[in-house]
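Visitor: Please take one part of this model and go through it closely with me. I would like to follow how its pieces are arranged.

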Amino acid sequence: MSSTDSDVLLGPAEIRELAARLGVRPTKQRGQNFVIDANTVRRIVRIAEVRPDDVVVEVGPGLGSLTLALLEAADRVIAVEIDDALAAALPATVEARLPHRADRFALVHSDALRVTELPGPAPTALVANLPYNVAVPVLLHMLGRFPTIERTLVMVQSEVADRLAAPPGSKVYGVPSVKAAWYTHVKRAGAIGRNVFWPAPNVDSGLVSLIRRDEPPRTTATREEVFAVVDAAFAQRRKTLRAALAGWAGSAGAAEEALKAAGVSPQARGESLTVEDFAAIAEHGPAT
């Protein structure tokens, strides 16, 4: 990092001043908690292993704390922001603090869950402090929509980080764990204290690293078919798969047949299965 970091990155005073000037109050509705600590954004960029040739997409850039650090390290940054006031202000912040990199920045003023294309070269990385209330849907949407994203590092609520990175058999293993594992190899990548945010959230935060798999699990089933099995299996997680998948298969008997054909015990429960197991069950499911 350059010696001008302190001039470029936003600290607590600059964040509050910028917010006051814009009349912005972080809203719980949008899960907004702005990072006010320059060391934390440097750490995120470092753990994300952002490279000089990366095209990074950032969801929920807020006032631009992380955006500026990413823009210093990457080739390009595409920021997706839903908030009108924040979206309007971000280009000016980039221009004022990193004028020589402003042409490497693009803003998409949109709901990340509705984004189907991004400007410029295809993204290679996703690095974001995700809005906590939509973190998992946004993450899965971006991974599914943009297969060129090879590396992802997101900051999410600590228990969401645990769920995303949970292995089969874990108490918190569930739908997010399996769906993230369809696309990526997932691991916890650190913890983030509450005092680096404004306002300070009443929950702890965690970093999750997701590295794109070379290819998804081998199966003749589509991703949608596999995910339908996952959703059904965990909708009634206390039930055996024979019972939980009865609605999906058409009957408990049909579910049992599909499970046996896939080499899975009908008495097993969803939390014991790998993503490959779910893919195998989907292959033997009801004809669509």
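Guide: Here is a walk through one sheet and some helix contacts.

This is a predicted model, where local features need pLDDT of at least 70, side-chain atom pairs count only at pLDDT 80 or more, and totals for chains, interfaces and linings use all residues. Residues are numbered from 1 along each chain as its sequence is written, and side-chain values use heavy atoms, leaving out hydrogens and water.

Start with the sheet. It is open and has 7 strands, in the order β4-β3-β2-β5-β6-β9-β7, with mixed pairing. Strands are DSSP runs of E with at least two residues, helices are runs of H or I with at least four, and both are numbered from the N terminus. Two strands pair if DSSP finds at least two bridges between them. β4 (105-109) and β7 (184-192) are the edge strands; each has a single partner, so one side of each lacks a neighbour in the sheet. On average, neighbouring strands are turned by 20° against each other, direction ignored.

Now zoom in on one pair. β6 (residues 151-157) and β9 (residues 205-212) run antiparallel, joined over 7 bridges. Gln157 has Ser205 of β9 as its bridge partner.

Next, a helix on the sheet. α5 (residues 84-97) packs there and touches β3 (76-81) and β4. Contact means heavy atoms within 4.5 Å. The direction of α5 makes about 170° with that of β4. Such angles run from 0 to 180 degrees between N-to-C directions; axes are lines fitted to C-alpha atoms, for helices over the stretch in contact.

α5 also meets another helix. α4 (residues 65-73) packs against α5 at about 50°, with the axes 11 Å apart. The two are therefore oblique. Under 35 degrees counts as roughly parallel, over 145 as roughly antiparallel, 65 to 115 as roughly perpendicular, and the rest as oblique. Thr67, Leu68 and Leu71 of α4 touch Leu90, Thr93, Val94 and Arg97 of α5. By class, that makes 4 nonpolar, 2 polar and 1 charged residues. Nonpolar covers Ala, Val, Leu, Ile, Met, Phe, Trp, Tyr, Cys and Pro; charged covers Asp, Glu, Lys and Arg; the others, Gly among them, are polar.

Last, a second helix pair. The axes of α8 (residues 175-183) and α9 (residues 223-235) come within 10 Å and cross at roughly 160°. These helices are therefore roughly antiparallel. Their contact has 8 nonpolar, no polar and 3 charged residues.
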